[in-house]
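Me: Got a minute to go through this structure with me? I'd like the overall picture, then some side chains.

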Amino acid sequence: MIKLYDGGVYWRHGAPEKASAPDKAAREKTMAYSILREHDGSGGASHLRIRFDSLISHDITYVGIIQTAKASGLTKFPLPYALTNCHNSLCAVGGTINEDDHVFGLSAARRYGGIYVPANLAVIHQYAREALAGCGRMILGSDSHTRYGPLGTLGVGEGGPELVKQLLEDTYDISAPEVVLVYLSGTPARGVGPQDVAIALCGAVYKNSFVKNRILEFAGPGVANLPMDFRFGIDVMTTETACLSSIWSTDGRVEEYLAVHGRPEAYRSLEPTEGCYYDRLVEIDLSTIEPMAAMPFHPSEAITLRELIANPGDILREAELRAEAQFGDKVSLHLTDKVIDGKLHIDQGSIAGCSGGMYDNIAEAAAILDGHGIGDGYFSLSIYPPSIPVQLELARRGVEATLLQNGALFKPCFCGPCFGAGDVPNNNGLSIRHTTRNFPNREGSKPGEGQLAAVMLMDARSIAATARNHGVLTAATDIDYTAPVSPPPAFDKKVYERRVYNGWENPMPEEELRFGPNIAPWPDIPQLADDLLLELTAVIHDEVTTTDELIPSGETSSFRSNPIRLAEFALSRREPEYVGRCKAVQALEADRAAGKSVPALEELLRRAGVDPARLANTSFNSTIFARKPGDGSAREQAASCQRVLGGGANLCYDFATKRYRSNCINWGMMPFTIDPDISFDYAPGDYIYVPDVRRLVQEGAEDFPAVVLAADGSVTPLTLHTGLLTDEDRQILLEGCLMNLYAARRK
């Protein structure tokens with residue numbers, strides 16, 4: 001289905017041609033670089049300094065971003081900033097606090113000149129498609145699925161501090177990324193949808209890091225064979241490949257889409273320039289893609305539905321074993337008992353949000369289900385449209401009525417099923433979802449309380465086929481139905497004109513920000529000390545650790561505006577003892593910082609061969625080790641919660657994403673890696689001493705000599721690495737966090 005070529009190719013006469021040697025100069029001719037250079041202030045250097053055209057955030061990130069920017073000197077939004085409300089809109093936790101955040105958001109849009117999209121009017125990425133994206137633009141979002149490539153926009157998802165930089169008219173700094181050509185040919189078969197293509201792509205490129213931190217550039221004759229919603233559905237899932245961003249060639253369908261949405265001036269033709277160079281190649285023949293499933297617990301666990309239907313027991317047992325490896329005897333997952341008479345029975349289906357809730361997906365699901373119903377058994381089906389304009393079209397064209405008549409339920413424009421705040425399955429339930437992720441616990445279960453469920457990602461078409469068979473897993477290609485013809489795009493602009501507050505370029509500085517009792521400022525964060533003494537408070541040997549494990553989603557979303565309360569949830573579903581261990585470290589550090597004698601820490605310095613008097617200039621912090629942390633969401637809180645609890649560093653073999661490493665740096669935690677051939681056989685309660693860390697950061701060092709002080713009394717040398725740190729990265733680390741840096745610049 002998918003072929004990979006780990007070597008350079010040129011674009012010649014509309015097709016890839018293998019190159020004999022790298023040609024970075026010709027990389028500048030790609031669509032990606034034509035846009036990057038228009039936004040780059042570096043003067044063509046290998047390290048880019050990007051200014052974006054607009055920003056976008058949702059309601060579990062914008063409060064912290066605005067609070068940080070405000071503390072750093074914000075007076076007005078210098079570029080369009082849209083605040084959407086699609087994550088905390090149904091989290092009924094904590095009384096008034098979710099709506100308090102929304103009121104704060106509107107008051108901030110009024111004061112600083114922003115755009116405010118009320119709750120349940122649109123999910124974040126659909127609003128960006130409908131109102132912000134355009135050919136040649138760049139959008140930075142505080143959500144990892146910020147992807148608008150089919151509209152000719154480079155979308156980048158990052159943690160909140162990167163948006164703060166843009167609000168303070170600073171730049172987004174990255175090394176010049178490589179570009180990967182995704183060459184599309186063929187036409188998808190009836191019953192195959194965008195999620196099938198996306199899952200196949202994730203399965204081909206995620207585990208081997210084939211496209212990690214690179215830009216995907218989609219081109220080829222297959223693009224013209226895909227409606228816009230199909231393109232959006234593939235594109236938004238590129239986040240799960242670990243790529244940096246994505247861009248597509250544009251055509252008449254893009255021009256029509258932008259015109260219908262009232263922005264004809266946002267269109268321009270984008271195509272690869274003859275002779276442009278790509279660092280790698282992914283070839284996808286769309287006609288060979290089959291209905292797919294991403295098994296628990298990652299979008300890259302790709303398998304064809306044909307294989308799964310033929311052999312469900314063995315494949316489900318592999319998922320059970322993955323759960324056992326991660327959770328041990330804390331909780332168990334039982335999926336094989338869902339195979340009855342050789343058929344796999346599903347408990348729940350959901351078609352939702354920025355990846356699944358497209359008009360075309362829902363319309364084709366209705367065509368499949370029409371006249372059959374989902375039955376009166378345990379299986380249920382929920383539909384979450386991505387915006388009210390889309391839902392209006394579904395209603396006007398009878399699609400919504402068809403689905404309601406056949407047992408599906410329509411729910412608000414809400415991202416909840418994607419992160420565990422809606423449609424939480426029953427314990428040991430198996431849910432099939434056209435959403436973006438299926439990480440463990442992301443569906444809302446709580447292993448610490450004996451709960452565990454599982455999600456398989458599938459396309460809306462095969463979810464509807466399964467619903468038609470009353471929950472028996474079925475591929476849409478095995479169902480006899482007539483696929484609807486995609487109607488011309490439609491968009492009722494009155495929905496946004498009458499309800500969205502657009503204060504761009506009209507700030508009202510006299511407007512007071514409205515604070516609820518849960519909206520709290522960031523605590524004081526100290527500067528980097530001369531030396532670091534780190535206690536391991538969590539050691540995780542999973543192949544990958546997601547941001548959902550570092551700070552769970554679901555009900556914790558309600559506390560994203562309160563750094564102290566939110567920190568109580570850090571690693572709660574993975575290492576429940578973590579918070580208590582960190583607080584014990586904080587207590588000793590408080591005594592040390594107050595000048596009190598701390599014999600336990602003095603003894604550790606003696607073991608490291610250091611004069612205990614150095615303790616006065618040695619901060620005592622917590623740290624975690626994880627093999628590869630930070631996959632998944634861009635949420636800055638995965639790092640900031642560690643910092644609030646006294647975290648001073650992350651240790652790993654490699655960071656899963658650039659955005660999580662950036663979050664660690666922006667919150668003042670040293671981004672340490674160790675060599676891959678080192679066996680990290682240490683445990684919580686062991687210590688790492690890093691001398692001269694401040695001096696080495698100032699000097700631009702990338703290697704940091706350290707020693708491990710293990711509980712068994714051993715003292716082992718260890719070299720820590722940071723990789724390349726920019727001048728600003730070093731300044732942030734020295735000041736203690738990004739917020740401190742901006743405060744220092746104001747003095």
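Me: How much of the chain counts as buried?

Reply: Of its 747 residues, 65% do. Buried means under 20% relative accessible area, exposed over 50% and partly exposed in between, with a 1.4 Å probe and protein chains only. This is a predicted model: local features need pLDDT of at least 70, side-chain atom pairs count only at pLDDT 80 or more, and totals for chains, interfaces and linings use all residues. Residues are numbered from 1 along each chain as its sequence is written, and side-chain values use heavy atoms, leaving out hydrogens and water.

Me: How many helices and strands?

Reply: The chain has 27 helices and 34 strands. These are DSSP runs numbered from the N terminus: helices are H or I with at least four residues, strands are E with at least two.

Me: And why call it as compact as a globular protein of that length?

Reply: Its radius of gyration is 25 Å, close to the 27 Å that the globule rule gives for 747 residues, so the chain is as compact as a globular protein of that length. The radius is taken over C-alpha atoms, and the rule is 2.2 Å times the number of residues to the power 0.38. The C-alpha trace spans about 80 × 60 × 60 Å along its principal axes.

Me: Switching to α24. Covered or not covered?

Reply: Mostly covered: nine of the nine residues in α24 (residues 658–666) are buried. Among them are K658, R659 and R661. G668 follows α24, and its phi is positive, near 80°.

Me: Y660 is in there too. Which residue does Y660 pair with?

Reply: First the count: there are 20 aromatic pairs. Rings of Phe, Tyr and Trp (its six-membered ring) pair if their centres lie within 6.5 Å; planes under 30 degrees apart are stacked, over 60 edge-to-face, the rest tilted. Y660 pairs with F655, tilted, at 6.0 Å centre to centre and 45° between the planes. Both residues are buried. Elsewhere, ring pairs link F625, Y653, F680 and Y682 into a cluster.

Me: OK, cysteines. How many disulfides?

Reply: Zero. A disulfide here is a pair of cysteine sulfur atoms within 2.5 Å.

Me: Why no bond for C641?

Reply: The closest cysteine sulfur, in C582, is 11 Å from that of C641, too far for a bond. C737 is in no disulfide either; its nearest cysteine sulfur, that of C664, is 13 Å away.

Me: Is C737 buried or exposed?

Reply: C737 is buried, with a relative accessible area of 1%. C641 is buried too, at 2%.
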